[in-house]
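Got the structure open? Let's work through a few questions about it together.

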Amino acid sequence: MTTAERHEKTGSTTGTGNEPAHWSAEQILEAVSPRRARRLLEATLAEGFRPETDPARGNVTAGEGHMLLMPSTLGDWSGIKVATVSPENPQRGLPRIQATYLLMDTATLSVRALLEGNSLTTLRTPAISAVAVDHLAAPDARTLLVFGTGPQALSHIEAFADVRSFTEVVVCGRTPEKVDAVVEFAQGLGLQARAGDQEDVRGADVVVCATSASEPLFDGSLVRDSACVAAMGSHEPDHRELDSGLMGRAQVVVEDTTTALREAGDVVQAVADGALAEDALVPLADVVTGAVAPNTSRPRVFKCVGMSWEDLAVAVGVATGSQDAES
């Protein structure tokens, strides 16, 4: 399918002359499936990109909140996501987080597309988690335990179900109605699902933490040595979802060591506690390329904070239609 045909199919606005194309959230999610997003990210790492070359996320105070500036370059393409966080917006009937992505060609730095940014986050965060889980979780993993009831909890269930054949999904959350909604979502994907609690960690093969918690969600000693844990709920050094005990006994995989030591509270606090050594952190790229093998004698933890290159890889996939095949 050509780019022109894809725009006609999705209804994206291409503009005239040198004007950039415009992609809405709906058009982005139609253009790139969760499976394709995962494959775009995995291919980027497999082809030799090193996340440590990505610029650091900028954080600028503005108004009642702050702006996040996330630039990156991947070969012929460059881009930047500008995300804003305004805590009081829900009271105004507006989203707490809003984002726009500018996609440029690297040669001229001309803007080629403007994309709704939150949808890119919705795609790339579970996609990078699924890349990690596909490499770190036991091949026969059957029970998925989900902490959280928001959009990322839903998207992680869908993404993880594409890399493992789960026979049960267990959902933990603070609000019964929201837990029931996530259970119903999982059932709609053809999965057996039920509500659960922290004690279900004991029997989980894969645990995903997708919350806004600032303190550990469960006792890390309950995690089995054979289990895989993916935590993505925060990118602030004073917030954590996992305790130091688990981080200290696990093989800890991160997107990038420097970024994790700056932004990942689960990592930062475990290092400060003396439970985790900085040089023990394993870059995900090394796992994807086979440079480092998963240690199946202990839990495998993937801590994700989200990086600029992930948004760019998915944005390029949206705008160019590359890697259309879903098989």
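Q: In this predicted model, how far apart are the closest N and O atoms of the salt bridge between aspartate 162 and arginine 35?
A: Start with where the partners sit: aspartate 162 is in the loop between helix H5 and strand S8, while arginine 35 is in helix H3. That puts them 127 residues apart along the chain. In space, though, their closest N and O atoms are separated by just 2.6 Å.

Q: Is arginine 38 buried or exposed?
A: Arginine 38 also pairs up with aspartate 162, with the closest N and O atoms 2.8 Å apart. That bridge ties together parts 124 residues apart in sequence, since aspartate 162 lies in the H5–S8 loop and arginine 38 in H3. Now for the cut-off: buried means under 20% relative accessible area. Arginine 38 has 7%, so it counts as buried.

Q: Which residues are linked with Asp162 in a network of salt bridges?
A: Look back at the two bridges: aspartate 162 bonds with arginine 35, and aspartate 162 also bonds with arginine 38. Put those together and the partners of Asp162 in the network are Arg35 and Arg38.

Q: Which residue forms a salt bridge with glutamate 263?
A: Glutamate 263 sits in helix H8, and its partner is in the loop between H3 and strand S2, 206 residues away. At 8% relative accessibility, glutamate 263 counts as buried. The partner is buried too, at 14%. With closest N and O atoms 2.7 Å apart, that partner is arginine 57.

Key: Residues numbered from 1 in each chain as written. Predicted model: local features only at pLDDT ≥ 70, side-chain atom pairs only at ≥ 80, totals over all residues. Heavy atoms only, no water. Salt bridge = Lys/Arg side-chain N within 4 Å of Asp/Glu carboxyl O. Helix = DSSP H or I, 4+ residues; strand = E, 2+ residues; numbered from the N terminus. Buried < 20%, exposed > 50% of the residue type's maximum accessible area, 1.4 Å probe, protein only.
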